[in-house]
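Q: I would like to learn how to read helix packing, a ligand site and unusual backbone geometry from a model. Could we work through them one at a time?

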Amino acid sequence: MIPYGHHDINQDDIAAVVAVLKSDFLTQGPQVPAFESAVAQKVGAAHAVAVNSATSALHIACLALGLGPGDRLWTSPITFVASANCALYCGASVDFVDIDPKTFNIDPVALEAKLIAAKVAGTLPKVVVPVALCGQSADLKAIRVLADRFGFFILEDASHGIGARYDGNYMGDGRYADITVFSFHPVKIISTAEGGMATTNDPVLARRMQILRSHGITREQHEMTHESDGAWYYQQVDLGYNYRMTELQAALGISQMSRLDEFVSARADRARSYDQALADLALRLPYQAPMTASSWHLYVIQLADASRHRAVFDALRADGIGVNLHYIPVHLQPYYLAKGFTKGDFPMAEDYYARSISIPLFSHITDAQLQAVVDAVKKHVGV
Ligand SMILES: *Cc1c(COP(=O)(O)O)cnc(C)c1O
């Protein structure tokens with residue numbers, strides 16, 4: 001089976017992890033801050049906070065932004081469940097905004113309409129989470145204008161998007177989003193096995209997230225309520241978690257970061273091959289919005305004939321093509337249906353679900369594997 005995604009590990013990556021195993025620190029040493037600096041510097045953010053997953057990053061980002069009971073978070077229905085669940089961890093509620101069927105990202109027009117109605121009803125969100133689906137940025141410039149007009153924070157879920165560009169710079173540079181989150185799960189662009197990072201230009205948000213990732217504890221005198229009792233002393237000043245990244249993961253991350261641009265250009269190159277090879281089939285191929293340069297986490301094809309979706313998907317799997325579907329609309333998950341969402345709430349997202357298939361794409365997919373995918377898609381989709 002050709003997987004839909006696969007990590008790319010070389011000898012340097014392995015050597016970096018082995019070196020940490022032989023060092024004095026397996027956790028809470030120098031690798032994590034070095035990885036944070038590498039990411040912050042690369043994407044052009046002032047601060048980066050490493051944690052053990054993007055899910056943890058979303059959680060502490062929401063807490064740092066002050067999301068709590070009685071507050072609302074809005075996100076796209078076409079995302080991994082973590083983009084929505086982070087609100088519920090904080091005791092806030094979740095709602096969704098339908099997608100733009102071309103970009104598959106949150107639709108700024110639908111967002112504006114929903115904000116206008118929410119303002120009248122007194123139900124404005126505190127946080128909006130635009131998701132960079134497949135590694136292509138949402139229309140953050142338009143969303144920033146709405147954030148300033150309606151007073152919400154932008155927490156960008158760029159789990160797919162490290163190395164992608166938007167409006168000329170790397171995503172996560174903090175020009176439009178208050179906080180951006182990346183994932184380093186093995187199917188994503190770079191991997192630390194499990195791992196995530198939050199970037200921001202706001203030092204207060206960064207510091208809050210640092211404290212929250214490690215039990216809500218500080219060792220800084222100026223953050224304590226009284227004079228330190230001694231050299232051993234620390235204070236718990238908030239309710240935090242153990243969301244720390246290990247030194248092994250950070251060392252792997254540093255090594256992987258050195259090849260980030262290579263990974264993204266290899267993915268973009270393979271995506272162009274698919275664009276050409278699949279151009280004349282009964283499919284919609286990925287659309288690239290102006291101002292974006294995707295990291296190409298996913299290559300999503302959409303069947304013109306949705307009634308053949310299940311049959312084509314099954315036939316591709318039977319032919320050894322490890323296709324997948326990103327994502328089942330979150331509002332249709334039983335957990336969210338039980339909160340009152342129903343089928344029909346977000347028609348564009350549901351139409352996306354009815355016809356989309358993610359085909360294999362990763363940095364080191366071979367020509368032969370790519371050709372096998374193309375042949376199978378041609379065979380089962382037709383013109
Ligand atoms: C992978 C992913 C996450 C969660 O990332 P983890 O690092 O596995 O916690 C969140 N949001 C999106 C859009 C993702 O693709």
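**Reading the packing and the site**

A: Let us begin with a pair of helices in this predicted model: α9 and α13 are roughly parallel to each other, since their axes, for residues 260–277 and residues 367–381, cross at roughly 30° and an angle under 35 degrees counts as roughly parallel.

Q: By what is the packing of two helices described in general, and within what distance do the axes of α9 and α13 come?

A: Two packed helices are described by the angle between their axes and the distance between the axes. For α9 and α13, the axes come within 11 Å, and the crossing is right-handed. On the side of α9 the contact is made by Arg270, Ser273, Tyr274 and Ala277, while α13 contributes Asp367, Leu370, Val373, Val374 and Lys378. Sorted by class, this contact has 5 nonpolar, 1 polar and 3 charged residues.

Q: Helix α13 also meets α10; at what angle do their axes cross, and which residues make the contact?

A: The axes of α10 and α13 cross at roughly 145° and come within 10 Å, and this crossing is right-handed. Val312, Ala315 and Leu316 of α10 make the contact with Ala376, Val377, His380 and Val381 of α13. By class, there are 6 nonpolar residues and 1 polar residue in the contact of α10 with α13, and no charged ones.

Q: How are α3 and α7 oriented to each other, parallel or oblique?

A: Helix α3, residues 54–64, packs against helix α7, residues 203–212, at an angle of about 125°, with the axes 9 Å apart; the two helices are therefore oblique to each other. In this pair, too, α3 passes α7 in a right-handed crossing. The contact is formed by Ile60, Ala61, Leu63 and Ala64 from α3 together with Leu205, Arg208, Met209 and Leu212 from α7, and by class it has 7 nonpolar residues, no polar residues and 1 charged residue.

Q: Turning to the ligand, which residues come nearest, and which side chains have polar atoms facing its nitrogen or oxygen atoms?

A: A useful way to read such a site is to list the surrounding residues and then look at individual atom pairs. Of the 15 residues around the ligand, those that come nearest are Thr55, Asp157, His160, Ser183 and Lys188. In the side chain of Asp157, an N or O atom is 2.7 Å from a nitrogen atom of the ligand. An oxygen atom of the ligand is 3.0 Å from an N or O atom in the side chain of Lys188, and a polar side-chain atom of Tyr327 lies 2.9 Å from an oxygen atom of the ligand.

Q: Where is Tyr327 found, and what kind of peptide bond joins His326 to it?

A: Tyr327 is found in the loop between α10 (309–318) and α11 (334–337), and the peptide bond that joins His326 and Tyr327 is cis, with omega of about 15°.

Q: What is the phi of Phe104, and in which loop is its place?

A: Phe104 has a positive phi of about 70°, although it is not a glycine, and its place is in the loop between β3 (93–96) and α5 (108–121).

Technical notes
Residues numbered from 1 in each chain as written. Predicted model: local features only at pLDDT ≥ 70, side-chain atom pairs only at ≥ 80, totals over all residues. Heavy atoms only, no water. Axes fitted to C-alpha atoms, helices over the stretch in contact; angles between N-to-C directions. Helix = DSSP H or I, 4+ residues; strand = E, 2+ residues; numbered from the N terminus. Parallel < 35°, antiparallel > 145°, perpendicular 65-115°, else oblique. Left-handed = near helix turned anticlockwise from the far one by under 90°. Contact = heavy atoms within 4.5 Å. Nonpolar A, V, L, I, M, F, W, Y, C, P; charged D, E, K, R; others polar. Near = heavy atom within 4 Å. Polar contact = N/O pair within 3.5 Å; in protein donor to acceptor, adjacent residues only side chain to side chain.
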